[in-house]
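Okay, can everyone see the screen? I'll put the sequence and the structure up now, and then we'll walk through the sheet together.

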Amino acid sequence: MSDPQPQFTSTELKEWQQRLEEADRHNILCHCRACDHEWVASKPEPCVCGSKSVEHIACWQFPDG
Ligand SMILES: [Zn+2]
């Protein structure tokens, strides 16, 4: 039952939600665990840094609030 979700400040949450709104148009929010790069894509894809350790979060999977 462990939950690896990072903890956000309220400001970071707002930024995150804005990115999610953007991601909603592209379907998937990608977050690279290697270099911390974030971007949105229409399908899961590796990071530009070459790492495949990428988190793919479909907007509809992200919990509200
Ligand atoms: Zn990366």
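So let's start at His31, whose bridge partner in β2 is Glu38. This is a predicted model, so keep that in mind as I go. Now look over to β3: there, the bridge partner of His31 is Glu55. So what we have is a histidine in the sequence at position 31 with a glutamate as bridge partner in β2 and another in β3.

Let me zoom out to the strands themselves. β1 covers residues 28-32 and β2 covers residues 38-41; the two run antiparallel, with four bridges joining them. β3 is residues 54-58, again antiparallel to β1, and here five bridges make the connection.

Which order do the strands take in the sheet? It goes β2-β1-β3, an open sheet of three strands with antiparallel pairing. That puts β2 and β3 at the edges with a single partner strand each, so each of them has one side without a neighbour in the sheet. From one strand to the next, the twist averages 25°. And as a reminder for anyone newer to this, strands of a sheet pair through backbone hydrogen bonds, in either a parallel or an antiparallel way.

A couple more pairs along β1. Leu29 sits opposite Ile57 in β3. Ile28, on the other hand, has Ala41 opposite it in β2.

Staying with Ile28, take a look at Ala58, over in strand β3. How far apart are Ala58 and Ile28 in sequence, and how far in space? They are 30 residues apart along the chain, yet 4.5 Å apart from C-alpha to C-alpha. If you leave out residues up to four places away in sequence, Ala58 touches Asn27 and Ile28. Is Ala58 buried or exposed? It's exposed, because there are 12 other C-beta atoms within 10 Å, and 12 or fewer is what counts as exposed.

Next, the turn. β1 and β2 make a hairpin, with five residues between the two strands. One residue I'd like you to click on is Asp36, in the loop between β1 and β2. Its phi is near 70°, which is a positive value in a residue other than glycine. Most residues other than glycine have a negative phi. Asp36 is exposed too, with 9 other C-beta atoms within 10 Å.

Last bit, the chain as a whole. There's one helix to go with the three strands, and reading along the sequence you get α-β-β-β. What share of the 65 residues is buried? Buried residues come to 6%. As for contacts between residues at least 6 apart in sequence, 25% of them join residues at least 24 apart. The Ala58 and Ile28 pair, 30 residues apart in sequence, is a nice one to keep on screen while we talk about that.

Okay, that's my tour, so over to you.

How values were computed. Residues numbered from 1 in each chain as written. Predicted model: local features only at pLDDT ≥ 70, side-chain atom pairs only at ≥ 80, totals over all residues. Buried ≥ 20, exposed ≤ 12 C-beta atoms within 10 Å, placed from the backbone. Contact = placed C-beta atoms within 7 Å. Pairing = 2+ DSSP bridges. Axes fitted to C-alpha atoms, helices over the stretch in contact; angles between N-to-C directions.
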